[in-house]
Structures are given as C-alpha cells and as structure tokens.
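Thank you all for making time this morning. I would like to take you through one structure, a few places at a time, so please keep the display in view while I talk.

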Amino acid sequence: MEVTVLGRCGPFPAPGEACSGYLLKCGGKNIMLDFGSGVFSRLYGLLPQLEVDAVVLSHLHSDHMADMLIFRYALEQLSARSLCRQPPIPVIAPAEPREEYRLLSGSGVFDMTAIKDGAKLRYEGITFTFYRMTHPVESYAISVEYGGKRLLYTGDTGMRHDMVDIASGADMLLADVCYLNEELGTRPIAAHLSAAQAGNLAAAANVDMLLCSHLWGGRTDHSELMCQVRAAFPKAVLAEEFKSYPI
Ligand SMILES: [Zn+2]
Ligand SMILES: [Zn+2]
C-alpha cells in the first residue's frame, strides 16, 4: 500500500494548501480517503482520467467532503465525453448528517454505502473496518488491511480510551493532530487530538509509523507541533503534500 497526501489541513486550508484528502494505492486500486476542499484539482493532476475505484469518507464535515461535489461535476461532464471512467463510483460514508449524505446520494454519480460502527467491508482483497469516534458529527476511524499491512486513519476525533486497541500494531497511523498541547485546553469533549495525545497513542499502540496530518489551517509553521509530538514518539513524520508514503 502507499498513501499520497493530497491535502493535510483542517478545518480550512492554509494559503495554497488543501483540506484532508489521501490517495491510497492498494493492489492496483486507487482509493480516496476523504475529499476536502482543494483536493479535486490535485487528484485530477495526478489522475487525468479520474481512475478512482472507490471513495471512503471518514465523516461529512466540509473539510473532508466538500470537493466530492466538484468531483461529481467532473465525472458527469468528462464521462459524457468519454474522457474518464463511467460513474457510478462506489462511495462509503456515514449516513449522517442527512443533508450532506443526500447531496452525495441524490446525483446518481455515486453508489453510496452507509458506514456502521464495527462494520467490516471487503473490496478487491482490501479489508476496511470502521470504528465510531468522538466528534460533533458521526465520524469514523478507518482501518485498511491489505497484503499483511495495516493502515489506521483516525479521521477527526478527540481522544478515546479504546483508540490504543484500535491502532495497536498498525504499520501506519495517519492521525488528526490538529491541536498544540496548550490548545487542547479544558474542553470536556475535544473534537481533535493534541500533539501529545497523538504521540502517546502511537507509542502505546506500538505503531511502525505516525504520519501527522489535519494540521490547523491558521498555522504555517509546524515545528512546535512536531516537537511536541516527537516528545512522545520520536520518529513521528509530518504529512507533506504530494508526498507518497509506502506502508
Ligand atoms: Zn476535519
Ligand atoms: Zn470534522
């Protein structure tokens, strides 16, 4: 497997960047994990015929799905001219919030499957497992297993007691590291992980690699954030746009 970072920001992009979107190459298949604002043009640059086999959305916040609406226009217009594959494209996403799900399902361009907590889905030899997380809307961590390797993508979530089990032994932990430690503050329920929480999670789960993403769009210097993550997990890596990471 290989993950290419097409966007790494949330909940809005830093100047010139894009929100969450990752192209996962897996056994000859191209799977998109999340599809936030700014991601479409980057994907189109890499795959001019939009050879996307499936899209998996961790949740339906705009920084993770906004460009699905643009992807839809492109699929409609390019497929009508035989310039890309014919829709529908399989899309796996939470069924809530209802309005966003309806926007995706109503077009006929996407073949929708609703995620359920604990569900396992097998597709072309790839196994996806979904775990409900803590976030203002229904949001899932996504485990992807293929060829004896495992990626665990946290999606957006505050820290939970069960995350160490879920991430345990993953070859790559792709994590929401939105907050500096001091920004976590005293919120009773946080929507994202702090640097220390992500680093501690990676260490406790004994993962091979921690890729830090969902970087707050209002910050352009991530050195302090990475310093805080590496205090707990020294080999943590900062997600870089357009860079590919083998798993
Ligand atoms: Zn987000
Ligand atoms: Zn979110």
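I will go from the backbone, through the aromatic residues, to one acidic side chain and finally to one helix.

Please bear in mind throughout that this is a predicted model.

Let me begin with the peptide bonds, where two places deserve a look. Gly10 and Pro11 are joined by a cis peptide bond, with omega at about -10°, and Pro11 itself sits in the loop that runs between strand 2, residues 9-10, and strand 3, residues 21-26. The bond between Pro87 and Pro88 is also cis, here with omega at about 10°, and Pro88 belongs to the loop between helix 3, residues 68-80, and strand 6, residues 89-93.

Staying with the backbone, there are two residues with a positive phi that are not glycines. For His214 the angle is near 50°, and this residue lies in the loop between strand 14, residues 209-213, and strand 15, residues 215-216. For Phe242 phi is about 70°, in the loop between strand 16, residues 237-238, and strand 17, residues 244-246. Is each of them buried or exposed? His214 has a relative accessibility of 2% and so counts as buried, whereas Phe242, at 46%, is partly exposed.

Now to the aromatic side chains, for which a search of the whole structure gives six pairs. In one of them, the ring centres of Tyr22 and Tyr153 are 5.4 Å apart and the planes meet at 65°, so this pair is edge-to-face. Since Tyr22 belongs to strand 3 and Tyr153 to strand 11, residues 149-153, the pair ties together parts of the chain that are 131 residues apart in sequence. Tyr22 is buried, at 1% relative accessibility, and Tyr153 is buried too, with a relative accessible area of 3%. Another pair, Phe40 with Phe71, is tilted, at 6.3 Å from centre to centre and with 40° between the planes. This pair also links distant parts of the chain, Phe40 being in helix 1, residues 39-46, and Phe71 in helix 3, 31 residues apart. Both of these phenylalanines are buried, and they belong to one aromatic cluster together with Phe35, Tyr44 and Phe110.

Next comes Asp63, which is located in helix 2, residues 62-65. What is the nearest side chain of opposite charge to Asp63? That side chain is Arg219, 13 Å away, and Asp63, although buried, has no salt bridge. There is, however, a polar contact of 3.1 Å between the side chains of Asp63 and His214, the histidine we met earlier with its positive phi. If we set aside neighbours within four places in sequence, the residues in contact with Asp63 include Gly10 and Pro11, the two partners of the cis bond, as well as Cys19, Ser20, Gly36, Ser37 and Asp156.

Finally, let us turn to helix 8, residues 223-230, in which Leu225, Met226, Gln228 and Val229 are buried. These four cover an arc of only 160° around the axis, which puts them on the same side of the helix. What covers the buried residues of helix 8? The cover includes strand 12, residues 172-179, helix 6, residues 181-184, and helix 7, residues 195-204, along with strand 14, strand 15 and strand 16.

Notes
Residues are numbered from 1 along each chain as its sequence is written. Chains are lettered from A and ligands numbered from 1 in the order in which they are written. This is a predicted model: local features need pLDDT of at least 70, side-chain atom pairs count only at pLDDT 80 or more; totals for chains, interfaces and linings use all residues. Side-chain values use heavy atoms; hydrogens and water are left out. Helices (H or I, at least four residues) and strands (E, at least two) are DSSP runs, numbered from the N terminus. Buried means under 20% relative accessible area, exposed over 50%, partly exposed in between (1.4 Å probe, protein chains only). Rings of Phe, Tyr and Trp (its six-membered ring) pair if their centres lie within 6.5 Å; planes under 30 degrees apart count as stacked, over 60 as edge-to-face and the rest as tilted. Lys and Arg count as positive and Asp and Glu as negative; His and the chain ends are not counted. A salt bridge is a side-chain nitrogen of Lys or Arg within 4 Å of a carboxyl oxygen of Asp or Glu. A polar contact is a pair of N or O atoms within 3.5 Å; within protein, one must be able to donate a hydrogen and the other to accept it, and residues adjacent in sequence count only if both atoms are side-chain atoms. Contact means heavy atoms within 4.5 Å. The arc is that of the directions from the helix axis to the C-beta atoms.
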